[in-house]
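Trainee: I've got a new model open and I'd like to talk it through with you. Can we put it up on the screen and go from the whole chain down to single residues?

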Amino acid sequence: MMQKTTNSLEEVHESVAIVQNTSVWKKILAFFGPAYMVSVGYMDPGNWATDIAGGSQFGYKLIWVLLMSNIMALLLQSLSARLGIVRQRDLAQASRDTYSRPVNMVLYILAEIAIAACDLAEVLGMAIGLQLLFDIPLLWGVSITMLDTFLLLFLLNKGIRKMEAFIIALIAIIGLSFLIEMFLAKPDVTEIARGLIPSIPDSTALYIAIGIIGATVMPHNLYLHSSLVQTRKFDRSKKGIKQAIRYNFLDSFLALNMAFFVNAAILILAAAAFYKNGMHEVAEIQDAHRLLEPLLGTHWASILFAVALIAAGQSSTITGTLAGQIVMEGYLNLRIQPWVRRIITRLIAIVPALIAIIYFGESATGKLLLLSQVILSLQLGFAIIPLIHFVSDKTKMQGFAIGKWTKIASWLIALIIVMLNAKLVFDEIETWVTTSEHPIYIWLFVVPIAIFAAFLLLYIIIKPFVEKNRTIPNLVPHINEIVVSESNKPIVYSKIAIALDFSKTDQKSIASALQLGGKTAHYTIIHVVETVGAMVHGNETHDYETTSDHYYLEEYQKALEARGYQVSSILDFGSPKKSIAKVVNENDFDILVLGAHGHNWFKDLLFGTTVDAVRHKITIPLLVVKDH
């Protein structure tokens, strides 16, 4: 099958090289990182709400749900990593390659809903942490969370390893905080052991259990992991791929067990501090923070709780944003600036949070957190089932498809999740119909949506089995025509424009242009004077920089003509982003060669890059030449 090869998270794709001739430990450490980025999604503020509710209402009885969720997560994340390592496609890209456009659009919308629900939990959690630690009003805290857009951009600019180190540092803060909390709470070890025996006391426990599964096995993490493993550049031989799968599984095992420790510690803390003292209705994070100090006998208990909450919220917002970028680029093949994507994601989460706080008051945040996790759980089937299909495909997995027992375990997990969700949806709809004053609206709107979701789920389960032996059509059916036309009529550039900025990049730009056209082409060198005077007075400007630039441009022209090239020059005035495009569009050029030495990350954030601005405004091909 022919497909357009686009890289997931282009800016950091294969940015970490794995050195082959080195020790095993150094190789293992080089692979470590992606799973820790994923693991923060398993200990985000949404988990706190479900864990606190479970521990305060049912004591240690739901610890087995956490353990089961962790085992599920480990298997599913290993499948996600396998997909990215072997096929070099993330889950969203693999879905786009497999399903029709309408189905992909629905899957994309569902994935975006899941990410919005996850981001809602992160926004609320971090805002609550800021309120608890610094006594900031919750509305202000929700607004402040918008600023972490700049932190994400800064970390991305520094590279994926720096981002991973930052995330691991936040995980260490969370883990250490709860280790101390556990020491202060002195939980009953015997009761903890009994909590590992499966039991569901009542329907409320089922709701919380599904929320815990939704908070632990998160759909956006499956998209994220399949992309993050592609940041490693390793030997693509069978031995190298097998080694990458093994080391990434070890990475997942350690990272997700750390997440299990944090989640178990929250539930155990709630059981030891609240359930033990007859406080069975503590479901709000704020109540838990307020009660910890008097129950555990030290103000450090509440401070550590708030610090860990802020660390959890901050770390999970970063990974949630990356997941949003992967989903958008993968399903829609649409790439936008990461900071634009971040603001969109943030607004989608902030607006419902602000409305809920204003309308229902600050007391509604706990219920909102629980609801967000149940929504996440309901989306799981639509991510897990395609993933299992993709890693089971022996042809596309090139000998690395999952084995029979792994396949059975994976489908069993998918079946458990789908059945639990089906029961939850049925129970909720039944409750709404019996308690609503106008049940007709439930039948007209809610029931059809539930039926549609059920049929979609059946479709994505059955389709790969039905089409397994069918010939897959070319996604690019005109590829043969392109090859034929290329062989019959080679591309010749006779009129080449070169944009210069009198930096070191000019040397590479000119050299690249000369390789395209040789001595038979005609070259036009362009420079834009961008002083204040140039922007105001245009070609009537006669300041020192304009005179100097005119001199340099003439010297460039003379030097090239002395070597036998046909050259003319154009000096323009104003903004390079507008002027270069204007000059190109007003003349009959075949191609534009443009240097891209870049600014620092902050300038690019504020003003954008000349390359991005020009490429959207011209109609001819653009060759971008980098200075490194």
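Trainee: What percentage of the residues of the protein chain count as buried?
Mentor: Keep in mind that this is a predicted model. The chain holds 26 helices and 7 strands. Buried here means under 20% relative accessible area. Of the 628 residues, the share that passes is 52%.

Trainee: Among contacts between residues at least 6 apart in sequence, what share joins residues at least 24 apart?
Mentor: Start with the contacts in the protein chain whose partners sit at least 6 apart in sequence. Then keep those that join residues at least 24 apart, and you have 84%.

Trainee: Is helix H4 largely enclosed or not, and how many of its residues are buried?
Mentor: H4 covers residues 63-87 and reaches 36 Å from its first C-alpha to its last, close to the 36 Å expected at 1.5 Å a residue. Right after H4 comes Gln88, with a positive phi near 55 degrees. As for burial, H4 is largely enclosed by the rest of the structure, because the buried count among its 25 residues is 21.

Trainee: Which residues touch the most other members of the largest nonpolar core?
Mentor: That core has 131 residues, and the ones touching the most other members are Trp48, Phe178 and Tyr223. The largest share of this core, 19 residues, comes from helix H13 (residues 238-273). In general, nonpolar side chains tend to be buried together in soluble globular proteins. So, to repeat the names you asked for: Trp48, Phe178 and Tyr223.

Trainee: What does Trp48 touch, beyond residues up to four places away in sequence?
Mentor: Leave out anything up to four places away in sequence, and Phe178 is one of its contacts. Phe178 is also named with Trp48 among the residues touching the most other core members. The full set for Trp48 is Met43, Phe178, Ile266, Ile285, Phe305, Ala308, Leu309 and Ala312.

Trainee: Which residues is Leu387 in contact with, leaving aside neighbours within four places in sequence?
Mentor: Leu387 lies in helix H17 (residues 365-392), and it counts as buried because its relative accessibility is 0%. Its C-alpha is separated by 9.4 Å from that of Tyr223, 164 residues apart along the chain. Its contacts beyond four places are Leu76, Leu79, Ser80, Leu83, Leu91 and Leu222.

Trainee: Now the strands. In what order do the 5 strands of the open sheet come?
Mentor: E3 and E4 run parallel, joined by 6 bridges, while E4 and E5 pair in the parallel sense over 8 bridges. That puts E4 next to both, and the pairing in the sheet is parallel. The order is E5-E4-E3-E6-E7.

Trainee: Which are the edge strands?
Mentor: Read the two ends of the order E5-E4-E3-E6-E7. Each edge strand pairs on one side only, and these are E5 and E7 (622-626).

Trainee: Which residue in E5 is the bridge partner of Val529?
Mentor: Strand E4 (residues 522-529) is mostly covered, with 7 of its 8 residues buried. His527 stands opposite Leu571 in E5, and on the E3 side Ile496 stands opposite Tyr523. For Val529, the partner in E5 is Phe573.

Trainee: Is the β-α-β crossover from E3 to E4 right-handed or left-handed?
Mentor: The two strands, E3 (residues 495-500) and E4, are parallel. The chain goes from E3 through helix H21 (residues 505-517) to E4, and that crossover is right-handed.

Trainee: What angle does the direction of helix H24 make with that of E5?
Mentor: H24 (residues 576-586) packs on the sheet and touches E3, E4, E5 and E6 (591-596). Its direction and that of E5 make about 135 degrees.

Trainee: Last one: does Asp135 count as buried or exposed?
Mentor: Asp135 is in the loop between helices H6 (101-134) and H7 (138-144), and its phi is positive, about 60 degrees, although it is not a glycine. Gln398, in the loop between H17 and H18 (404-435), also has a positive phi, near 50 degrees, and counts as partly exposed at 44% relative accessibility. The cut-off for exposed is over 50%. Asp135 has 65% relative accessibility, so it counts as exposed.

Key. Residues are numbered from 1 along each chain as its sequence is written. This is a predicted model: local features need pLDDT of at least 70, side-chain atom pairs count only at pLDDT 80 or more; totals for chains, interfaces and linings use all residues. Side-chain values use heavy atoms; hydrogens and water are left out. Helices (H or I, at least four residues) and strands (E, at least two) are DSSP runs, numbered from the N terminus. The expected span of a helix is 1.5 Å times one less than its number of residues. Buried means under 20% relative accessible area, exposed over 50%, partly exposed in between (1.4 Å probe, protein chains only). A nonpolar core is a set of buried Ala, Val, Leu, Ile, Met, Phe, Trp, Tyr and Cys residues joined through side-chain atoms within 4.5 Å. Contact means heavy atoms within 4.5 Å. Two strands pair if DSSP finds at least two bridges between them. A crossover is right-handed if, with the strands pointing away from the viewer, the path from the first strand over the helix to the second runs clockwise. Axes are lines fitted to C-alpha atoms, for helices over the stretch in contact, and angles run from 0 to 180 degrees between N-to-C directions.
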